[in-house]
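Open the model in your viewer and keep the selection tool at hand. This tour starts at one pair of residues and then zooms out.

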Amino acid sequence: LLRPAFMQACAGALAGLTPAQQAARLTHFRADAIVRDAEALREHLGGERWSVLGQSFGGFTALAYLSQAPEGLHEVLFTGGLPPLGRHPDEVYAATWARVLERSRRYYERYPEDRERFLAAVRAAPRLASGDVLSHARLRQLGNLLGAANGAEQVHDVLELPPDSPVFAHDVEAFAFARNPIYAILHESCYADGHATRWSAGRTMPAAYGEDPALLTGEHVFRWMFDELGALAPLREAAELLAEHPWPKLYDPTRLAANEVPAAAAIYSGDLFVERAFSEETAAAVRGLRPWVTSEYEHDGLRTDGERVLGRLLDLVRGRA
């Protein structure tokens with residue numbers, strides 16, 4: 001239910017609108033709007049309460065659901081998706097940068113020969129399958145793959161390829177922005193619990209990235225992407241407007257503190273994308289939520305071992321564990 005079915009709001013769907021109109025339309029595709037859509041659908045289907053499972057951003061949406069319309073929910077499960085409450089996006093990105101730095105350094109300890117392969121690919125600056133030219137900053141985005149169970153192997157598989165090969169030109173585009181440009185333009189807004197983001201990831205990027213050119217980045221969206229990536233260029237001005245947009249609050253701490261909907265959450269201690277400490281803060285702030293903190297999985301635990309992860313959460317939420 002809470003997978004982002006709003007992907008149709010892409011650059012093509014916004015064609016013909018001014019940047020201001022594009023930005024205004026895109027403000028209606030955040031988690032709070034998804035909850036309103038879900039409630040309209042639930043009522044259309046007869047109004048019976050339903051159970052929801054939120055993975056990653058789906059968990060952010062599920063928490064917004066508990067804040068806005070708990071009367072529509074029978075039970076809620078979170079996997080790798082308990083967002084921070086009330087924290088500024090800069091705090092969130094400072095935490096994710098620390099994790100990405102640690103994961104990047106660990107990667108090169110495992111594959112030390114890939115440091116030179118990375119730099120050689122930067123020097124080659126090949127043209128990618130999309131037609132864009134590979135830049136240093138864009139190659140660094142391979143680090144996003146490190147958040148998966150087999151992420152290090154995926155990065156290594158790419159860097160082993162000759163930079164001038166068609167396979168490299170295709171596989172190095174780790175982010176599917178051409179398919180889902182809304183992912184880029186609204187990504188920072190999912191952390192904006194009552195704030196403007198102002199390109200938070202770029203502003204909080206650690207100085208270490210200027211010192212070590214082989215360091216990888218993670219799930220970070222930058223202003224330069226709307227210049228370099230052909231799929232995002234049509235949304236450049238709208239992105240600037242949204243970066244300054246004062247987003248309303250997503251969550252209601254008072255309502256969450258009085259929560260009566262059974263809820264359980266898998267919190268992955270090494271999650272590259274969702275900071276464990278903030279997730280545990282949120283779990284403590286939601287009355288009755290039962291957390292399962294585990295180091296057994298990465299962010300994609302539901303995909304790699306769904307039967308066990310889902311089974312454990314169902315046992316927790318239904319009082320069997």
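Select Ser51 first. Opposite Ser51 stands Glu75, a residue of strand S2. Keep in mind that this is a predicted model.

Now extend the selection to both strands. Take residues 50-55 for strand S1; S1 pairs with S2 in the parallel sense. Six bridges join the pair.

Next, select residues 73-79, which make up strand S2. Is S2 enclosed or not? Six of its seven residues are buried, so S2 is largely enclosed by the rest of the structure. Buried here means under 20% relative accessible area.

Zoom out and colour by secondary structure. The chain holds 17 helices and four strands. Turn the C-alpha trace along its principal axes: the spans are about 55 × 45 × 35 Å.

What radius of gyration does the chain have? The value is 20 Å. A compact globule of 321 residues would come out near 20 Å, so the chain agrees with that expectation.

Switch on contacts. Count those with a separation of 6 or more: 77% of them come from residues 24 or more positions apart.

Show the surface. About 14,000 Å² of the chain is exposed, and carbon and sulfur atoms supply 52% of that area. As for burial, 51% of the 321 residues count as buried.

Finish with the charged side chains. Colour the 33 positive and 43 negative ones separately. How far apart are the centres of the two sets? They lie 3 Å apart.

Conventions: Residues are numbered from 1 along each chain as its sequence is written. This is a predicted model: local features need pLDDT of at least 70, side-chain atom pairs count only at pLDDT 80 or more; totals for chains, interfaces and linings use all residues. Side-chain values use heavy atoms; hydrogens and water are left out. Helices (H or I, at least four residues) and strands (E, at least two) are DSSP runs, numbered from the N terminus. The radius of gyration is taken over C-alpha atoms; the globule rule is 2.2 Å times the number of residues to the power 0.38. Buried means under 20% relative accessible area, exposed over 50%, partly exposed in between (1.4 Å probe, protein chains only). Contact means heavy atoms within 4.5 Å. Accessible areas come from the Shrake-Rupley method with a 1.4 Å probe; for residues, only the protein chains shown count as cover. Lys and Arg count as positive and Asp and Glu as negative; His and the chain ends are not counted. The place of a charge is taken as NZ of Lys, CZ of Arg, CG of Asp or CD of Glu. Two strands pair if DSSP finds at least two bridges between them.
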